[in-house]
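I opened this notebook to record what I looked up in one structure, entry by entry. Each entry begins with what I wished to know.

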Amino acid sequence: ISAFPWTEGFETGLDCWAQEYTVGIANWTTSSSNTAPHTGTGYASFYNTARVNKTKLVSPELDLTVLSNP
């Protein structure tokens with residue numbers, strides 16, 4: 001990502017995000033139901049019924065070198 005300001009609303013999924021499984025295998029998903037997001041219509045969701053799974057949702061790389069005052 002090199003165009004700023006950059007925002008992610010999750011309306012189109014987890015397109016450029018990576019998932020790193022730490023404990024077990026449980027995926028992040030996107031949703032637009034159950035809870036209202038702060039803005040937009042979508043949000044990232046981690047539904048972990050066993051409460052033992054841990055998965056990191058890792059943002060895409062942000063190239064801050066293009067900014068004069070990040």
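**Entry 1. Overall form**

I first noted that the radius of gyration is taken over C-alpha atoms, and that the globule rule is 2.2 Å times the number of residues to the power 0.38. The model I examined is predicted. I found a radius of gyration of 14 Å for the protein chain, whereas a compact globule of 70 residues would have one near 11 Å. I then looked up the box that the C-alpha atoms fill along the principal axes, and it is roughly 45 × 25 × 20 Å.

I next asked which elements the chain contains. The protein chain has four strands and zero helices. Read from the N terminus, I wrote their order as β-β-β-β.

**Entry 2. Surface and contacts of the whole chain**

How much of the protein chain counts as buried? I recorded 17% of the 70 residues. The chain exposes about 5,400 Å², and I noted that carbon and sulfur atoms supply 51% of this area. I also looked at contacts between residues at least 6 apart in sequence; 58% of them join residues at least 24 apart.

**Entry 3. The segment before strand 1**

Strand 1 covers residues 18-23, and I began with the segment before it, where Pro 5 is found. The peptide bond from Phe 4 to Pro 5 is cis, with omega near 0°. In the segment before strand 1 I also found Phe 10. Phe 10 is not a glycine, yet I read a positive phi of about 65° for it. I added a reminder that most residues other than glycine have a negative phi, and that most peptide bonds are trans.

Is Phe 10 buried or exposed? Its relative accessible area is 15%, and the cut-off for buried is under 20%, so I entered Phe 10 as buried.

Trp 17 is in the segment before strand 1 as well. I entered Trp 17 as buried, because its relative accessible area is 19% and buried means under 20%. Beyond its close neighbours in sequence, up to four places away, I listed what Trp 17 touches: Trp 6, Glu 8, Phe 10, Leu 57, Val 58, Ser 59 and Pro 60. With Glu 8, Trp 17 has a side-chain polar contact of 3.1 Å. I also checked the C-alpha atoms of Trp 17 and Leu 57, which are 40 residues apart along the chain and separated by 6.8 Å.

**Entry 4. Strand 2**

I looked up Ser 31, which lies in strand 2, residues 28-31. Ser 31 counts as buried at 19% relative accessibility. Setting aside residues up to four places away in sequence, I found that Ser 31 touches Thr 41, Gly 42 and Tyr 43.

**Entry 5. Strand 3 and the loop after it**

Phe 46 lies in strand 3, residues 43-46. Why did I enter Phe 46 as partly exposed? Its relative accessible area is 25%, and partly exposed covers what falls between the cut-offs of 20% and 50%. Neighbours within four places in sequence aside, I listed the contacts of Phe 46 as Ala 26, Asn 27, Trp 28, Asn 53, Lys 54 and Thr 55. I compared this with Gly 9, 37 residues from Phe 46 along the chain, where the C-alpha separation is 16 Å.

In the loop between strand 3 and strand 4 I found Asn 48. Asn 48 counts as buried at 17% relative accessibility. The side chain of Asn 48 reaches the backbone oxygen of Asn 53 at 2.8 Å. I recorded a C-alpha separation of 9.8 Å between Asn 48 and Ile 25, which are 23 residues apart along the chain.

**Entry 6. Strand 4 and the segment after it**

Thr 55 has its place in strand 4. I noted that Thr 55 counts as buried, at 9% relative accessibility. What does the side chain of Thr 55 reach? I found the backbone oxygen of Ala 26, at 2.6 Å. Apart from residues up to four places away in sequence, Thr 55 touches Gln 19, Glu 20, Tyr 21, Thr 22, Ala 26, Trp 28 and Phe 46.

I ended with Val 66, which lies in the segment after strand 4, residues 54-58 being that strand. Val 66 is partly exposed, with a relative accessible area of 47%. Ile 1, Leu 62, Leu 64, Val 66 and Leu 67 form a nonpolar patch on the surface, and I noted about 360 Å² of accessible area for them together.

How values were computed: Residues are numbered from 1 along each chain as its sequence is written. This is a predicted model: local features need pLDDT of at least 70, side-chain atom pairs count only at pLDDT 80 or more; totals for chains, interfaces and linings use all residues. Side-chain values use heavy atoms; hydrogens and water are left out. Helices (H or I, at least four residues) and strands (E, at least two) are DSSP runs, numbered from the N terminus. Buried means under 20% relative accessible area, exposed over 50%, partly exposed in between (1.4 Å probe, protein chains only). Contact means heavy atoms within 4.5 Å. Accessible areas come from the Shrake-Rupley method with a 1.4 Å probe; for residues, only the protein chains shown count as cover. Patches are made of residues with over 30% relative accessible area and no salt bridge: like charges are joined within 9 Å, nonpolar side chains (Val, Leu, Ile, Met, Phe, Trp, Tyr) within 5 Å. A salt bridge is a side-chain nitrogen of Lys or Arg within 4 Å of a carboxyl oxygen of Asp or Glu. A polar contact is a pair of N or O atoms within 3.5 Å; within protein, one must be able to donate a hydrogen and the other to accept it, and residues adjacent in sequence count only if both atoms are side-chain atoms.
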